[in-house]
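Student: Could we go through this structure together, asking at each step what a label rests on?
Tutor: Gladly; let us set values against definitions.
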Amino acid sequence: MSRTLLIHVEELDKIWIREAAKLKIDTLALHPHGGRAAITYLEDLLERLEQPSYRALIDEVFDAGMKISYQFHAGEWLLPRSLYAEHPDWFRMNAEGQREERLNFCVTNPEALAYVANRARILAGKLYRSEPRFYFWLDDVKNGSCQCPNCRKYSAADLQLMAVNAMLGEIRK
């Protein structure tokens, strides 16, 4: 049985590592804060992962006999909102039938899904010493799924699963 402790990225320090090891935790999961500022917190994590001092902390996790897992809401990183002007059809349709750049994307749009899957592969490559299980979630908000005629046939969970399967296929390449 796996024993995972989820902590926020900025909380990782020698104390957490020591205490988790005492509790026989086998995986420390790093989770940037979510919500509307999830992209900011994810970018902060990616910056930290480039810093030798933060990498040294992750190395200490391994030296203590544990692994690192990453778990976060990555929707906006996977499909940057700056692409909306060029590809509005890649973005979600709201309940009123309007495309909007905020929240998630149109999972049933094959080009959008391929773009997201490719970005997931890039993102996975940035996760220093990650165990093979990591979690890229879409935006976690009520009524945040695409409501286009193709997507609205599916639940939010179905759309998440479709996105994850596409990401996994690209990451495995």
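Tutor: Let us begin with a definition: a residue is buried under 20% relative accessible area, exposed over 50%, and partly exposed in between, using a 1.4 Å probe and protein chains only. This is a predicted model, where local features need pLDDT of at least 70, side-chain atom pairs count only at pLDDT 80 or more, and totals for chains, interfaces and linings use all residues. Residues are numbered from 1 along each chain as its sequence is written, and side-chain values use heavy atoms, with hydrogens and water left out.

Student: Why is lysine 24 called exposed?
Tutor: Its relative accessibility is 63%, and exposed means over 50%, so lysine 24 counts as exposed. Lysine 24 is found in the loop between helix H1 (14-22) and S2, where helices (H or I, at least four residues) and strands (E, at least two) are DSSP runs numbered from the N terminus. The phi of lysine 24 is near 60°, a positive value in a residue other than glycine.

Student: What makes leucine 103 buried?
Tutor: Its relative accessible area is 9%, and the limit for buried is under 20%. Leucine 103 sits in the loop between H4 and H5 and has a positive phi of about 70°, although it is not a glycine.

Student: How do you know which strands pair in the sheet?
Tutor: Two strands pair if DSSP finds at least two bridges between them. Four bridges join S1 to strand S2 (residues 27-30), four join S2 to S3, and three link S3 and S4. The result is an open sheet of four strands in the order S1-S2-S3-S4, with parallel pairing.

Student: Why are S1 and S4 said to stand at the edges?
Tutor: Strand S1 (4-7) and strand S4 (135-137) each have a single partner strand, so one side of each is left without a neighbour in the sheet. As for bridge partners, isoleucine 7 has leucine 30 in S2, alanine 29 stands opposite serine 69 in S3, and glutamine 71 has tyrosine 135 in S4.

Student: What makes strand S3 mostly covered?
Tutor: Six of the seven residues of S3 (residues 67-73) are buried.

Student: How do you know that the buried residues of H2 line one face?
Tutor: In helix H2 (residues 38-48), Ala38, Ile39, Leu42, Leu45 and Leu46 are buried. Seen down the axis of H2, they fall within an arc of 120°, so they line one face of the helix; the arc is that of the directions from the helix axis to the C-beta atoms. Exposed Thr40 and Glu47 are carried on the face of H2 turned away from its buried side.

Student: Why do cysteine 146 and cysteine 148 not count as a disulfide?
Tutor: A disulfide is a pair of cysteine sulfur atoms within 2.5 Å. The sulfur of cysteine 146 is 3.7 Å from its closest cysteine sulfur, in cysteine 148, so the two are too far apart for a bond. Cysteine 151 is in no disulfide either, with the sulfur of cysteine 148 nearest at 3.7 Å. The structure holds zero disulfides.

Student: Are cysteine 146 and cysteine 151 buried or exposed?
Tutor: Buried: cysteine 146 has 1% relative accessibility, and cysteine 151 has a relative accessible area of 0%.
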